[in-house]
Every structure is written in C-alpha cells, then in structure tokens.
Amino acid sequence: MSYNKAKLIVDEDYCHHSGTWRIEKITQKNIKLLSGSPLIAHSILYAQENRNIIDEIYVSTDDLEIRNIALQFGAKIIDRPQSLSGDLEPTVSALKNALEQIDVAVENVILLQPTNPLRPENLLKEAFDIYEKENYESLFSISRNHQKFGKLSGNKFVPFNYTIGQRSQDLEPLFLKTDYFISQKQS
C-alpha cells in the first residue's frame with residue numbers, strides 16, 4: 001500500500017501520576033531514563049522505525065534540555081511559547097501552534113505522547129493502513145476495559161458500570177483511550 005506520509009509531532013508537556021488521593025506532576029518526566037534512554041527518545045525512535053508512514057519528526061517544547069535530547073535523536077524542534085505550556089493547557093493548543101509553525105502543507109498528523117512509550121511494534125502501521133483504507137478523518141488507539149468502576153459519594157463507594165454481584169464478563173463494554181497515537185487529517 002502506498003501512503004500519503006504524515007508529519008509526526010511529539011508533544012512533551014502533559015502527564016500526571018495518579019497517587020492514592022491526589023494527582024502530582026512528575027517534573028522533567030520526559031527526560032527520565034527508561035531502559036537507558038530518555039522517555040521522549042522512545043517516541044522519536046518509534047517514529048523513525050515507521051519512516052514509511054512518517055516523513056518528518058517534530059518535537060514541540062519550551063524546555064532547553066528536552067530540545068537538546070530531541071535534536072540528538074534526530075527530531076526537528078517546534079518552539080512552543082511559554083503561554084502554551086503547563087498543566088492547564090490542552091494538547092490541542094500546542095498541536096495547533098506546531099502546525100502553524102511548519103512551513104509546508106501537512107496532510108496528516110500523527111501525535112505520539114512520550115508518556116506512552118511501550119507501543120506494540122506494528123500498531124502504527126496497522127492503524128495507518130486502516131486510517132487510509134477507510135478514509136477516516138481521525139483515528140486513535142483504545143483498549144477494552146474489563147474492570148468494575150465506581151465513584152465516591154461522600155464516604156460511600158457507588159458502583160458506576162456494574163451492579164453488586166455482577167460478573168466481570170457480563171459488564172457492558174467500556175473502552176480506555178490509550179493515547180498510543182492520535183492521527184488526524186488536516187484541512
């Protein structure tokens with residue numbers, strides 16, 4: 001199959017670690033080592049392994065250390081304004097800014113977030129085959145969830161997706177957006 005290649009943008013800014021009763025920011029998470037390489041490098045290397053789909057690799061960042069690591073691993077840099085960085089800014093703002101800075105026409109964008117480095121080897125190729133064949137406007141990864149969820153109401157646990165005594169295999173299917181990748185056509 002021949003592809004209309006995509007631009008890849010690695011977004012470096014958004015991840016939280018869920019604690020027991022709080023959410024904490026992991027500082028400098030994308031430069032922490034995983035199997036001997038900075039976290040952000042895994043997404044860049046994954047993109048390089050998919051050069052038949054991806055023709056340019058960009059990292060959007062306002063951090064000098066992340067910038068240097070991205071350059072070392074062969075990515076191009078999109079300078080992200082400080083105003084688009086931080087915990088409260090949605091990924092889409094940084095993505096929009098990055099696309100405005102790329103000076104060539106972009107037909108497809110694949111977003112890989114460094115906080116999901118353990119992607120199945122053929123996932124991107126298989127997903128992009130579906131994306132192209134079905135002519136989708138966008139595509140993202142999901143995983144079926146077989147867990148029983150609930151909410152806390154005051155000091156009481158209230159089941160959300162099941163009734164007490166219901167077997168897990170009888171649950172209504174729920175899906176988790178995994179963020180292994182997000183692919184989007186540009187207009």
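## A first look at D79

Is D79 buried, exposed or partly exposed? D79 is partly exposed, because its relative accessible area is 45%, and the partly exposed class lies between 20% and 50%. Keep in mind as you explore that this is a predicted model.

D79 also has a partner. Its side chain meets that of R67 in a salt bridge, with 2.5 Å from N to O. This pair links distant parts of the chain: D79 belongs to strand β7 (residues 76–79), R67 belongs to helix α2 (residues 64–72), and the two are twelve residues apart. R67 counts as partly exposed as well, with a relative accessibility of 27%.

## Salt bridges elsewhere

How many salt bridges does the structure hold? There are five, and the D79 and R67 pair you have just met is one of them.

Now try finding K96 and E100. These two form a salt bridge in which the closest N and O atoms are 3.7 Å apart. Why are they separated by about one helical turn? Both sit in helix α3 (residues 91–101), and they are four residues apart, so about one turn of the helix lies between them. K96 counts as exposed, because its relative accessibility is 54%, and exposed means over 50%. E100 is exposed too, with a relative accessible area of 56%.

Another pair to look for is D170 and R167. Their side chains meet in a salt bridge, with 2.8 Å from N to O. D170 counts as partly exposed at 42% relative accessibility, and R167 is partly exposed with a relative accessible area of 46%.

## A covered strand

Let us turn from salt bridges to strand β8. This strand spans residues 108–112 and is mostly covered, with five of its five residues buried.

Which residues lie on each side of β8? On one side you will find N108, I110 and L112, and on the other V109 and L111. All of these residues are buried, so both faces of the strand are covered, given that buried means under 20% relative accessible area.

## The strand beside it

Which strand pairs with β8, and in what sense? The partner is strand β12 (residues 174–185), and the two pair in the antiparallel sense over four bridges.

To see this pairing in the structure, start at N108, one of the buried residues of β8. Opposite N108 stands K185, in β12.

Technical notes
Residues are numbered from 1 along each chain as its sequence is written. This is a predicted model: local features need pLDDT of at least 70, side-chain atom pairs count only at pLDDT 80 or more; totals for chains, interfaces and linings use all residues. Side-chain values use heavy atoms; hydrogens and water are left out. A salt bridge is a side-chain nitrogen of Lys or Arg within 4 Å of a carboxyl oxygen of Asp or Glu. Buried means under 20% relative accessible area, exposed over 50%, partly exposed in between (1.4 Å probe, protein chains only). Two strands pair if DSSP finds at least two bridges between them.
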